[in-house]
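Thanks for coming. I have a few minutes on one structure, so please bring up the viewer and follow along.

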2 protein chains.
Amino acid sequence: MALTNLTIDPDRLLARLKQLGEIGRDGEGRLIRLAASDADRLGRDRFVAWAKASGLAVKVDRIGNIFALWSEPENAQEAPLMLGSHIDTVIDAGIYDGCYGVLAGLEVVATLKEAGLTPKRPVVVAAFTNEEGVRFSPDMLGSLCFAGGITPEEALAARGTDGKILGEELARIGYAGSDEVARPAAYIELHIEQGPVLEREGVAIGAVENLQGISWQRIILDGVANHAGTTPMTMRHDAGAAAASVITFLQARARASKTGTVATVGTIAFEPNAINVIPARAVFTVDLRDPDEASLKAHEKALADHLAKLEGITVTVERLARFEPVVFDQDLVAEIEMAAKARGHSVRRMTSGAGHDAQMISRITPAAMIFVPSIGGISHNPKELTPDADLVAGANVLLDVVRTLAFR
Amino acid sequence: MALTNLTIDPDRLLARLKQLGEIGRDGEGRLIRLAASDADRLGRDRFVAWAKASGLAVKVDRIGNIFALWSEPENAQEAPLMLGSHIDTVIDAGIYDGCYGVLAGLEVVATLKEAGLTPKRPVVVAAFTNEEGVRFSPDMLGSLCFAGGITPEEALAARGTDGKILGEELARIGYAGSDEVARPAAYIELHIEQGPVLEREGVAIGAVENLQGISWQRIILDGVANHAGTTPMTMRHDAGAAAASVITFLQARARASKTGTVATVGTIAFEPNAINVIPARAVFTVDLRDPDEASLKAHEKALADHLAKLEGITVTVERLARFEPVVFDQDLVAEIEMAAKARGHSVRRMTSGAGHDAQMISRITPAAMIFVPSIGGISHNPKELTPDADLVAGANVLLDVVRTLAFR
């Protein structure tokens, strides 16, 4: 059976992406489908309806993860191959992030099923709860829970930005389940890149071999407010200038990195924030990411050393998040590369800069990801866009990878 | 007549400073006496009452500047010696800024008058309108108008931060006058330093020989927002990092300056200001001050050159304020130095980093300033403090300078 004699139904996949993208629009037309909200319920209901229309069994676990299961009597005892991603969104989202991986998974299963094929193991398409982390913390909560990184009790007790409890919200929208799904034999997540690399390089498919470690810190520098005109430079304790030195220091280090480090200071505030007053306080965040844990640690150490050397400034550091880099399964990455090439697509190995459910699932089973280009690298934004041809290409690569993994 | 055989009445001066400082307290105890407000009216009324109690004539000009005039028949034809400052305050002010110069001027006149002396020229104590510039722009408006730098019509049309018109507000509080005061023969302003130099050096009196030029700019840097995790360092247009480079650049230049340049970035904002989004926009202000105009221009040029070199960043610069440095009258500065030494006080020549009414009056007559120490350099703050002994010392130096200038 040649790998290229089947293709997914492009029209069905693209239409479903658009349909799901219309669910959860607010009065201004913004797409807002936060985890366990009424809009999320409507999106979940639609996914469940599509899964059932393809004859799949729908299971919901305690944290509200939905699993659309294609299982036949002859393979039901095997560990399933899992595909998936998430369908919750950020505020004012695009329509592709997460949804593409879930709906393409469903499309792949439907294509195989409609072709009359029976794989050697079940295939299950997962839609994980609260990947975005906008309403509840931490992000990737559903997949973290599925992977055993947090107990269902802890996860269900998460309090949202609106004060609501996740467990109660899941019950309210009808997605507080009790089903259990077997540990998968492997996990493949198809996703838009959310970065500019594939588009800039004109490459169709990314075979994601690892995922950056993430270090988030909030840094508070306290100096002394003083008159901007009357305080000589040598008598200043300028918290703003100190913050600028930290940013400049981090930029230079990241640019010189050999491991692909990225450093971002995305937020900043000065106090008292007056044109003629030396800042008494500067508060800013540092987002450091690196696919190499030793390198990430070295950057964190260098930052700490730089902070310790700031004269006349009191430094407070709050750690907001820390994830070690994830290395995906190299055999799966090779399968993705081969499948892309067999379809005639250009392909490159790459690092994921964003966090994904795959990073959690990789704790319990071999996992990898397939990326398709994001125009301008734009994501978490209504301008998020992947050309239809790239969406179809990615889904067909996923189809072929599933044919390899689930049928052998 | 020896210079030291008269002294001001310390108790009267200090008591009046405290009394004036109680006028304009809000419900939280904050001192807020904005120009042409109800609180300002009460402060002005008190000053006028004290002036009249000393037998001085009170004049109010079109922009509301109050002049307490000590004129005798035998000197009425001479150009007056002018002392003064302002009694409007910032929000949550200390009690010394401006008020000290006005009340010490009154104290000096009262002391001389009570001693039965008659100077060779009138002495007039000015309280200029809207020096702080908190409610109406520009700051130093009353003295600027008195010096002919702005017409009364223009000045009266100034619209406050509360939307009110200065002319209407002055009429409302009863300080829209029509008096004219002759161009003074000289102007001396006694003021707290508002900076840390005198206190740090243990010097009692500053003989202010010049006032820094001021350059205020608002700089807007536009880059491109992008995902902090997925955008390689080489593909970024990070407006925040560019802003940090500007701050660091300015700090290094000012610290290396031989002319006493000070550089302050007191305000900053990033957009969208999210931890995991590369800043698309950074807006910040630059406050550059220098006693040397050529040096100030060189810093402005270097800043412009640095901005022009920012790659992938669109730069917008708004000029908010620009004043050339002011050089005070060297003979007056020498008189102040001599008077301080004759009193046994340590004295140093120095530069004023803040703007003062003296800088405006110096446009039309020889002017200079006397500084006394500010504890910690703190000003525009309820913690603003000058020890009583220093306040008395400064007033006595002013007394002696007036005896020299008005009696010869």
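I'll begin with the two domains of chain A. Between domain 1 of chain A and domain 2 of chain A, the count is one residue pair in polar contact, with both residues at pLDDT 80 or more. That pLDDT figure is there because this is a predicted model, and side-chain atom pairs count only at pLDDT 80 or more. As for salt bridges, the rule finds zero across this domain interface.

Where are the domains? The assignment gives domain 1 of chain A as 10-212 + 326-406, and domain 2 as 213-323. Taken over C-alpha atoms, the centres of these two domains are 36 Å apart. At the interface, ten residues of domain 1 are in contact with eight residues of domain 2. The area buried between the two domains of chain A is about 620 Å², and carbon and sulfur atoms give 55% of that.

Which residues of domain 1 lose the most area to domain 2? They are Q212(A), G353(A) and Q359(A), which together make up 58% of what the domain 1 side buries. In terms of elements, β6 (205-211) and α11 (357-361) of chain A are the ones that give two or more residues to that side. By class, the domain 1 side has four nonpolar, five polar and one charged residues.

Next, the interface between the chains. Here 52 residues of chain A are in contact with 52 residues of chain B. The buried area between chain A and chain B is about 4,300 Å², with 62% from carbon and sulfur atoms. On the chain A side, M233(A), M235(A) and I275(A) supply 17% of the area buried against chain B, more than any other three residues.

How many residue pairs are in polar contact between chain A and chain B? The count is eleven, again with both residues at pLDDT 80 or more. Across this chain interface, too, the rule finds zero salt bridges.

Several elements of chain A each supply at least two residues to the side that touches chain B, among them α7 (197-201), α8 (239-256) and β12 (281-290). The largest share comes from α8(A), with eight residues. Sorted by class, the chain A side divides into 24 nonpolar, 21 polar and seven charged residues.

Now a single residue, in chain B. S245(B) has its place in helix α8 (residues 239-256) of chain B. Its side chain reaches the backbone oxygen of A242(B) at 2.8 Å. The side chain of S245(B) is also joined to that of H306(B) by a polar contact of 3.2 Å. What else does S245(B) contact, leaving aside its neighbours within four places in sequence? Besides H306(B), the list has L310(B) and, from the other chain, T248(A).

Last, the aromatic pairs. Over all chains the count comes to eight. One of these pairs is F67(B) with F128(B), which is edge-to-face, at 6.2 Å centre to centre and with 85° between the planes. F67(B) lies in strand β2 (residues 66-70) of chain B, and F128(B) in strand β4 (residues 123-128) of chain B, so this pair ties together parts that are 61 residues apart in sequence.

To go back over the two interfaces: about 620 Å² is buried between the domains of chain A, and about 4,300 Å² between chain A and chain B. The salt-bridge count is zero between the domains and zero between the chains. That is where I'll stop.

Technical notes:
Residues numbered from 1 in each chain as written. Chains lettered and ligands numbered in written order. Predicted model: local features only at pLDDT ≥ 70, side-chain atom pairs only at ≥ 80, totals over all residues. Heavy atoms only, no water. Domains from an automatic or database assignment. Contact = heavy atoms within 4.5 Å. Buried area = accessible area lost by both parts, 1.4 Å probe. Salt bridge = Lys/Arg side-chain N within 4 Å of Asp/Glu carboxyl O. Polar contact = N/O pair within 3.5 Å; in protein donor to acceptor, adjacent residues only side chain to side chain. Helix = DSSP H or I, 4+ residues; strand = E, 2+ residues; numbered from the N terminus. Nonpolar A, V, L, I, M, F, W, Y, C, P; charged D, E, K, R; others polar. Phe/Tyr/Trp six-rings, centres within 6.5 Å; stacked < 30°, edge-to-face > 60°.
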